[in-house]
Amino acid sequence: MHRPSVTQNPAEIPHGVDNSSWHTRNPGRPTLPIRHSEPLTDAHKAMRRIANEEQKRKEGTLSDTVKKLAEELGRKIADIAQEHSIAVEKISKLLTGHINYKRLREVSFSNALIRAKALEVNTARPLGSKYSLMQLHQMVSEDPALQNLDDEAKMQLKDELQRHRSEKGMSVRATNAAATRDVHATVDRIIQDLDGLAMRTGIYATLFVTRGHSYNMHSATWYGTDNAMDFWEDVLKLEPDQVTKQFKLWGCSQNKSKLCLFCVYHECDIAV
């Protein structure tokens, strides 16, 4: 399904206006805030060091336990494979296949109350000193103003939470670095979902991802489940790397105005 573009054409951006990031090229869209961290005091550093040492100790104990479990599981899998005359890999796939996707959380009144209380008490507090979810739950239960709300007030709080979620999902990243991290994390998650879907249903899928502007920092990439990329090479006679290269050039050249092809190649780091 074709969707109209919501981005501003670079040719329409006034001369001298910064267009170096997705955020600056979309001034009319909401922006996800940048999280700033405050310098740690000596006391905080000492507390964090103690917590890290305790965490390492717990992780070491857990690692030893999991290692023993893996060894025991490996022996049992080998016994089952020998008993049924099948490959060990098949049993491992049957054991590790799982569903990667999950239903979206619906907006609930309790979540709406938590968000309202968080806005009230956490907005002005610096990072590291904000109240935890458990503390917010306690505050909500002890706040008489949030008890016995009428249906209209409840609906308003839920609508505000739904609007916040929608804006958060469609807001742009404030910097190129933040956008790159988002791309990497999301692509990794998509690949995991595709692998899981292929294992459960036997589908084939290919994925090509590239940047939409020469200033973007993430690299173009491709992925295929199982041997899906053989389709591009054997049937279409196209190398995935070459397709990705052309896709990258196409993405960088979108909405370019009065820009020579050589400049597009240069900006996208593509050899002519």
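The points below describe one helix-to-helix contact and the salt bridges of a predicted model.

1. The contact of helix H3 with helix H5 is a useful place to begin. Helix H3 covers residues 109-122 and helix H5 covers residues 151-170, and the axes of these two helices come within 9 Å of each other, crossing at roughly 75°. Because angles of 65 to 115 degrees count as roughly perpendicular, H3 is described as roughly perpendicular to H5.

2. The residues that make this contact can be listed for both helices. On the H3 side they are Phe-109, Asn-111, Ala-112, Leu-113, Arg-115 and Ala-116, and in H5 they meet Lys-154, Leu-157, Lys-158, Glu-160, Leu-161, His-164 and Arg-165. Sorted by class, the contact of H3 with H5 holds six nonpolar, two polar and five charged residues.

3. Turning to charged pairs, the structure holds five salt bridges. As background, side chains of opposite charge can pair when their charged atoms come close. The next points take up several of these pairs in turn.

4. Glu-54 and Arg-57 form a salt bridge in which the closest N and O atoms are 2.6 Å apart. The two residues lie three apart in helix H1, which spans residues 42-84, so about one helical turn separates Glu-54 from Arg-57. Glu-54 is partly exposed, with a relative accessible area of 34%, and Arg-57 also counts as partly exposed, at 49% relative accessibility.

5. Helix H1 also carries the pair of Lys-76 and Glu-72, which are four residues apart and therefore separated by about one helical turn. The salt bridge between Lys-76 and Glu-72 has its closest N and O atoms 3.4 Å apart. Lys-76 counts as partly exposed at 48% relative accessibility, while Glu-72 is partly exposed with a relative accessible area of 36%.

6. A further salt bridge joins the side chains of Asp-182 and Arg-173, with a distance of 2.9 Å from N to O. Asp-182 has a relative accessibility of 29% and counts as partly exposed, and Arg-173, at 29% relative accessibility, likewise counts as partly exposed. Apart from that pair, Lys-117, Glu-120 and Asp-143 are joined into one network by salt bridges that share partners.

7. Which residues make up the network of salt bridges that share partners? They are Lys-117, Glu-120 and Asp-143, and a reader may wish to locate these three residues in the structure above, together with the roughly perpendicular pair of helices H3 and H5.

Conventions. Residues numbered from 1 in each chain as written. Predicted model: local features only at pLDDT ≥ 70, side-chain atom pairs only at ≥ 80, totals over all residues. Heavy atoms only, no water. Axes fitted to C-alpha atoms, helices over the stretch in contact; angles between N-to-C directions. Parallel < 35°, antiparallel > 145°, perpendicular 65-115°, else oblique. Contact = heavy atoms within 4.5 Å. Nonpolar A, V, L, I, M, F, W, Y, C, P; charged D, E, K, R; others polar. Salt bridge = Lys/Arg side-chain N within 4 Å of Asp/Glu carboxyl O. Buried < 20%, exposed > 50% of the residue type's maximum accessible area, 1.4 Å probe, protein only.
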